[in-house]
Amino acid sequence: MKLNDFRSDTVSWPTPEMRRAMADAEVGDDVFDDDPTVNRLQEVSAERFGKEAGLFVASGTMGNLVSLLAHCGRGDEIILGDKAHTFRYEAGGIAALGGIHPHTLPVQADGTLRLDDIRGAIRDDNVHFPRTRCIALENTQNAAGGVPITKAYTDAVGEIAREHGLILHMDGARIFNAAAALDCDVADLTAAADSLTFCLSKGLCAPVGSVVVGSQDFITAARRARKMVGGGMRQAGIIAAAGLVALDTMPQRLYEDHANARRLAKGLATIPQIEIDLTRPITNMVFCALRADAKLTAPQLADRLKQHNILTLSMGERGFRFVTHYWIQPEHVDQLVKAIAEELAS
Ligand code: TLP
């Protein structure tokens with residue numbers, strides 16, 4: 001039986017076209033640079049972002065890790081948001097494996113870091129301090145509500161980075177959602193970033209993988225870091241083939257996921273026990289909370305929803321994050337709203 005899964009866009013299955021491309025993929029040993037399908041995916045990705053080269057990696061986490069291992073040495077410092085996925089949810093990999101010191105700044109409601117905070121966080125050259133090396137942004141900013149970050153803001157951060165000889169890395173796990181929401185070209189949106197990771201396996205629906213893009217020198221260093229962390233994947237063309245279909249067919253339909261998220265937010269706003277801010281820009285994520293007088297906690301409600309064949313992600317005692325993706329249709333959204341209203345009313 002099909003479960004309607006709102007926990008994340010990471011749960012999205014590959015499309016039939018992706019499965020066919022995987023079965024037919026031409027492959028080789030990618031550690032020898034020999035896999036034509038991986039090579040094609042890397043080239044197409046670099047071209048799409050207007051960068052020199054690309055590197056196929058197993059996950060978004062690996063993409064951010066190998067990028068930052070390539071950019072930073074031990075004791076170097078990275079400036080990033082206190083809600084950044086790399087800071088919160090990547091098992092502390094940059095510190096554990098790279099000796100990279102995170103300098104966190106508060107993420108604002110619109111997903112940005114204050115420019116003055118960034119300027120103020122850049123260290124002087126002093127024997128007491130770690131060396132500031134890199135600034136990292138996340139677009140869309142997941143934990144701030146999946147908000148898209150504009151080109152103007154990204155360019156302003158890029159300017160600060162260049163003024164101080166720093167590198168700008170972007171965790172663009174959902175950069176195609178951002179581009180769809182802002183109605184702009186991904187290359188233009190991310191032009192100021194020296195390096196960027198984007199995910200094929202979230203809204204783009206591929207089963208596995210992310211791609212890192214940047215200069216040829218950076219990609220050479222990231223490739224070595226990928227080998228070091230065990231990410232040399234041999235006949236990876238089998239999965240890269242799905243990534244090529246993803247890049248070709250998925251970015252142009254993400255507005256449908258955003259429309260479904262807006263439909264969901266509006267539906268949730270009609271339920272008296274739910275608090276939701278309808279003024280927030282919405283991509284494919286909807287955050288809301290149960291009011292204090294709701295008769296169920298969020299984990300209890302999530303549990304009840306399973307009986308309606310709906311999977312959801314509760315966050316703490318009262319919060320929820322719902323994510324829309326290719327396999328969620330408007331009728332699934334309406335079923336979710338109805339099930340929540342029923343469970344909270346009964
Ligand atoms: N995010 C997942 C969970 O890990 C929280 C999700 O369901 O949202 N950057 C961002 C902004 C992400 O949201 C994620 C995954 C990653 C990186 C890591 O990607 P993977 O899961 O491929 O390692």
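In this predicted model, the ligand occupies the largest pocket. The shell around the ligand comprises 13 residues, of which Ser 8, Thr 61, Asp 171, Arg 174 and Lys 202 approach nearest. By residue class, the shell consists of six charged, six polar and one nonpolar residue.

Several polar contacts are made to oxygen atoms of the ligand. A polar atom in the side chain of Thr 61, one of the nearest residues, is placed 2.6 Å from a ligand oxygen. The side chain of Lys 202, likewise listed among the nearest residues, contributes an N or O atom at 2.8 Å from an oxygen of the ligand. The backbone also takes part: an N or O atom of the main chain of Gly 60 is found 2.8 Å from a ligand oxygen atom. The ligand taken alone exposes 510 Å², and 79% of this area is buried by the protein.

Charged pairs were examined across the whole structure, and 21 salt bridges were identified. Side chains of opposite charge can pair when their charged atoms come close. One such pair is formed by the side chains of Asp 76 and Arg 133, with an N to O distance of 3.7 Å. This salt bridge connects distant parts of the chain, as its two residues stand 57 residues apart. Asp 76 belongs to strand E3, which covers residues 76-81, whereas Arg 133 belongs to strand E5, which covers residues 131-138.

Two features of the backbone were also noted. Most residues other than glycine have a negative phi, and most peptide bonds are trans. The peptide bond between Asn 139 and Thr 140 is cis, with omega at about 0 degrees. Thr 140 is located in the loop that runs between E5 and helix H7 (151-163); E5 is also the strand that holds Arg 133 of the salt bridge described above. The second feature concerns Asp 33, a residue other than glycine whose phi is positive, near 70 degrees. Asp 33 is situated in the loop between helix H1 (16-24) and helix H2 (36-49).

Notes: Residues are numbered from 1 along each chain as its sequence is written. This is a predicted model: local features need pLDDT of at least 70, side-chain atom pairs count only at pLDDT 80 or more; totals for chains, interfaces and linings use all residues. Side-chain values use heavy atoms; hydrogens and water are left out. A residue is near a molecule or strand if one of its heavy atoms lies within 4 Å of it. A polar contact is a pair of N or O atoms within 3.5 Å; within protein, one must be able to donate a hydrogen and the other to accept it, and residues adjacent in sequence count only if both atoms are side-chain atoms. Accessible areas come from the Shrake-Rupley method with a 1.4 Å probe; for residues, only the protein chains shown count as cover. On a 1 Å grid over the protein atoms alone, a cavity is a set of points where a 1.4 Å probe fits but cannot get out, and a pocket is an open set with protein on both sides within 12 Å along at least five of seven lines; lining residues have an atom within 4 Å of a point. A molecule sits in a cavity or pocket if more than half of its atoms lie within 2 Å of its grid points. Ala, Val, Leu, Ile, Met, Phe, Trp, Tyr, Cys and Pro count as nonpolar, Asp, Glu, Lys and Arg as charged, and the others, Gly among them, as polar. A salt bridge is a side-chain nitrogen of Lys or Arg within 4 Å of a carboxyl oxygen of Asp or Glu. Helices (H or I, at least four residues) and strands (E, at least two) are DSSP runs, numbered from the N terminus.
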